[in-house]
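Subject: Structure handover

Hello,

Here is the structure I promised to pass on. Please open it first, then read the notes below.

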Amino acid sequence: MKLTSTLLLTPFLASALSLYSPSSSGVTTQNDAFPVPGSQPLTYCNDPKDYILEVHNVDLIPNPPVPGEKLTIKANGTFHEQIEEGATVFLQVRYGLITLIKQEADMCEQLPKIDIECPINEGYMEIMKEVNIPRQVPPGKYTVLADVKTKDKRAITCMEAAIVFPR
Ligand SMILES: *[C@@H]1O[C@H](CO)[C@@H](O)[C@H](O)[C@H]1NC(C)=O
């Protein structure tokens with residue numbers, strides 16, 4: 001399960017696309033210097049060399065996602081140390097200038113959504129997850145940021161993406 005943040009992010013993204021919530025503002029930057037390997041729009045937030053999760057590959061099928069269709073996420077990676085309770089996921093989803101989601105969650109409480117439990121053992125993991133993208137996705141640009149940290153605030157991974165649903 002290398003793809004902690006993407007995997008976590010997908011159920012969040014799917015729900016973000018189907019519901020609006022009051023928002024505060026935030027800033028997401030796209031960093032094209034550090035693309036995540038695979039077929040998807042993800043980039044790392046910064047140089048991933050010290051991330052605990054080394055991502056080998058993440059594929060979105062189809063890429064880009066299609067409203068009203070099933071989206072399959074396939075990912076694999078290697079955790080370079082065991083991940084314990086207390087890890088957090090900061091997730092931000094924006095639609096244009098509107099912040100739809102901006103929250104920090106307990107990572108271990110979110111993992112069952114992708115059939116994983118804490119602790120996550122050191123070593124190789126692969127995951128596959130299917131989600132339904134709502135048919136009525138408001139057209140426009142969505143940006144997503146997922147920042148995953150250990151209890152003592154070391155980077156597990158951090159990824160960003162921009163997805164445009166055309167009108
Ligand atoms: C990760 O997945 C990709 C794509 O499916 C595959 O080519 C690659 O061999 C996998 N990496 C490992 C270490 O298994």
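Start with the hairpin. β7 and β8 form it, with five residues between the two strands. In the turn, Lys-153 has a positive phi of about 70°. Keep in mind throughout that this is a predicted model.

**Strand β8 and its partners**

β7 covers residues 140–149, and β8 covers residues 155–165. The two strands pair in the antiparallel sense, over 10 bridges. To find your place in the pairing, look at Thr-143, which stands opposite Ala-162 in β8.

β8 also pairs with β1, which spans residues 42–44. These strands run antiparallel too, and three bridges join them. Here Leu-42 stands opposite Ala-161 in β8.

Is β8 mostly covered or mostly open? Mostly covered: eight of its 11 residues are buried.

**The core**

The largest nonpolar core has 45 residues. Strand β8 supplies the largest share of this core, six residues. As a general point, nonpolar side chains in soluble globular proteins tend to be buried together.

Which members touch the most other members of the core? They are Ile-83, Met-107, Ile-120 and Ile-156.

Ile-156 is worth a click. This residue is found in strand β8. Its relative accessibility is 0%, and buried means under 20%, so Ile-156 counts as buried. Leaving out residues up to four places away in sequence, Ile-156 touches nine residues by name: Tyr-51, Ile-52, Leu-53, Phe-79, Ile-83, Ala-87, Val-148, Lys-149 and Thr-150. Pro-48 is 108 residues from Ile-156 in sequence, yet the C-alpha atoms of the two are 9.2 Å apart in space.

Ile-83 is the next one to select. With the same sequence neighbours left out, up to four places away, Ile-83 touches Ile-52, Met-107, Pro-119, Ile-120 and Ile-156. Among these contacts are Met-107, Ile-120 and Ile-156, which are also on the list of members touching the most others.

**The disulfides**

How many disulfides does a search of the whole structure find? It finds two.

One is formed by Cys-45 and Cys-158, with their sulfur atoms 1.9 Å apart. Cys-45 lies in the loop between β1 and β2 (53–61) and Cys-158 lies in strand β8, so this pair ties together parts that are 113 residues apart in sequence. The torsion about the S-S bond is about -75°, so this disulfide is left-handed. Both Cys-45 and Cys-158 are buried.

The other joins Cys-108 to Cys-118, at 2.0 Å from S to S. Cys-108 sits in helix α2 (residues 107–110), and Cys-118 in the loop between α2 and β6 (123–132), 10 residues apart. This link is left-handed as well, with -85° about the S-S bond. Cys-108 is buried, and Cys-118 is buried too.

Number the bonded cysteines in sequence order and the pairing reads 1-4, 2-3.

**The ligand**

Which residues are around the ligand? They are His-56, Asn-57, Asn-76 and Tyr-124. For Asn-76, an N or O atom in the side chain is 2.3 Å from an oxygen atom of the ligand. For Tyr-124, a polar side-chain atom lies 3.1 Å from a ligand oxygen atom.

Over to you.

Best wishes

Key
Residues are numbered from 1 along each chain as its sequence is written. This is a predicted model: local features need pLDDT of at least 70, side-chain atom pairs count only at pLDDT 80 or more; totals for chains, interfaces and linings use all residues. Side-chain values use heavy atoms; hydrogens and water are left out. A nonpolar core is a set of buried Ala, Val, Leu, Ile, Met, Phe, Trp, Tyr and Cys residues joined through side-chain atoms within 4.5 Å. Buried means under 20% relative accessible area, exposed over 50%, partly exposed in between (1.4 Å probe, protein chains only). Helices (H or I, at least four residues) and strands (E, at least two) are DSSP runs, numbered from the N terminus. Contact means heavy atoms within 4.5 Å. Two strands pair if DSSP finds at least two bridges between them. A disulfide is a pair of cysteine sulfur atoms within 2.5 Å. A residue is near a molecule or strand if one of its heavy atoms lies within 4 Å of it. A polar contact is a pair of N or O atoms within 3.5 Å; within protein, one must be able to donate a hydrogen and the other to accept it, and residues adjacent in sequence count only if both atoms are side-chain atoms.
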